[in-house]
Amino acid sequence: MAEKLVVQIPEEISVRALAALLKVDATAVIGKLIAGGVMATINQSLDFDTACLVAEEFGNTAEAQSEQTTINKTTDSKDAVTRAPIVTIMGHVDHGKTSLLDFIRKSNITAGESGGITQHISAYQIDFKGEHGARKITFIDTPGHEAFSALREHGATITDIVILVVAADDGVKPQTIEAIEHAKKANVPIIVAINKIDSPGANVERVKQQLSEHDLIPEDWTGKTVMVPISARTGEGVDRLLDMVVLTADMQELKADPNGTPEAIVIEANLDKQVGPVATILVFNGTVRTGQVLVVGKTYGRVKAMEDDLGVKISQAGPAKPARLFGLKDVPKFGERIEVVPSEKVARTMTQSGLKTKSAGGDSERNSIKIVIKADVGGSLAALEESIKKLTYKDASVEIVTSGIGPVNENDVNLAKASAARILAFRVPINKRITELAGKEGVDLNEYWVIYELTEMLEKELKSIATTTFVNVQLGRLRLLAVFSWNKGAGIVGGEVLDGVVKPNVSVEIFREKEQIGTAKAGAMKIGKLEVDQAEKGTQCGISLSDSTTDPAVGDVLNFFETKEEK
Ligand code: GDP
């Protein structure tokens, strides 16, 4: 039987492309469509719902393709060549991800290059000489402990292989399980590195046992998952681990065409005081060259210069090659895709219309807080956006009009004004000129240094703008035994509490023969001569009524209730 897949379906897809995605013949797809009453040709495009139905008909799980996730891992081009695998290291905090990344980088670099290694870059490529010959492997340096699921998920999706690090002296932990889930969801093969085998508390068998509870069965237990015991401290087993990476990559037949349409993604971006916006990119297909004009999300620019992960100037970056790129007008966002366009004019038009649709979008009918966010680095921006997306209160929600990296600038203020948004600056300084401009334009501008302070503020605001709904809370009922005085909708009555608790200063419904005949407000209440704030079942009390819509009579039942804001 064909293997079950989790496929990501775009909003529109051709029959041919869907067949390739589902690893079936196009005629089989057409067959399913006809069976469902849809006549289609091989080049016809299908909408999302139809494509999902077809995918599910073949027994697969279909899900919506998130914006930036399809990166072609392979290509049909006849000029395609094998490309280096892209590897992400995942695992629980303190299990040794950073140590392993550092060890691999340091031990696979030639002496002359070691100067550039001090530079931190969020991806690097090594030349590994193992039992399969000299091979290149690209590693993505996942953001540290603050790595939020969005980033991790992203990391997995642009990745060909996940190395799951599990400390032999600590075993499977929550983030280990999370990493397994992310990798599985993205259909990325996992190689397990059982780390810290040099540690006195190491227990490799226990780790295997725990992993097998999560469907990762080691090969030596007749399973399929490669598990390599290693020490990122002493280096033991690391070469074997890399041999396994090469082997797993070979099985995937990863190919790219260096002359094909360039496909690349931003994996880190920041603003450098000297050189302006800097983006670290990873190319998947084609080649990015200096002099080309790129559109990246809402920004664009001509590539002025590039350097590799060792700080060496390069004029082109081909498949799986990480590069730092200079020349963009603004700092792009983590995960944004790069498009090569023919001219700056085209780039400008594309980015301007992009801005318009974004600011015009949003669901203004709902109570929403519109915000423009600026943050210091891609990691914190992604984390912030992730937390903000979760914030809603009743019918109120937060709408991110736009977000970016770097200080708040004039554009942000103008955009915030145009879209009635407020600006939240996260860990970025705000200069005086911008504060003045925002003041002049009537745009709210605030800075935050801690995520929860920002989210707490938004939560409070959401509560204040949400539509308030009220509920009636039933208190108790009183049967009228006397009407002591009554004049124009107000007076004093007396009765006995039938059930519940009766209170002063609340609302009252007046019932006669089980039918409501009016409403009134209850005022002060007395038991005997004593003023009280409640009377329980069985007690007799006197109570003043006002604003009554009817004249009460002995035998009527007063229903006491309180109106409260619904939480
Ligand atoms: P991360 O949070 O997963 O990136 O973990 P780190 O690489 O920062 O490592 C956490 C701690 O474990 C550090 O104190 C490392 O020195 C230590 N460590 C990492 N790998 C090994 C190993 O193979 N053996 C031992 N004994 N300690 C290790």
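Start at the ligand: one of its oxygen atoms sits 2.6 Å from an N or O atom in the side chain of S99, which fits the polar-contact cut-off of a pair of N or O atoms within 3.5 Å. This is a predicted model, where local features need pLDDT of at least 70, side-chain atom pairs count only at pLDDT 80 or more, and totals for chains, interfaces and linings use all residues. Residues are numbered from 1 along each chain as its sequence is written, and side-chain values use heavy atoms, leaving out hydrogens and water.

Two other side chains turn up here too. For K196, the distance from an N or O atom to a ligand oxygen is 2.9 Å, and for S231 it is 3.2 Å. On its own the ligand would expose 570 Å², and the protein buries 78% of that (Shrake-Rupley areas with a 1.4 Å probe).

Now for the shell, meaning residues with a heavy atom within 4 Å of the ligand. There are 15 residues in it, and D94, K97, T98, S99 and D198 come nearest. Helix α4, residues 97-107, gives the most, with three residues (helices are DSSP runs of H or I, at least four residues; strands are runs of E, at least two). By class, the shell has two nonpolar, eight polar and five charged residues, with Gly counted as polar and Asp, Glu, Lys and Arg as charged.

Next, the sheet. Six strands form an open sheet in the order β7-β8-β6-β9-β10-β11, with mixed pairing; pairing takes at least two DSSP bridges between strands. At the edges, β7 (123-130) and β11 (227-229) each pair on one side only. Strand β10, residues 190-195, runs parallel to β11 over three bridges, and I194 has P229 in β11 as its bridge partner.

How values were computed. A polar contact is a pair of N or O atoms within 3.5 Å; within protein, one must be able to donate a hydrogen and the other to accept it, and residues adjacent in sequence count only if both atoms are side-chain atoms.
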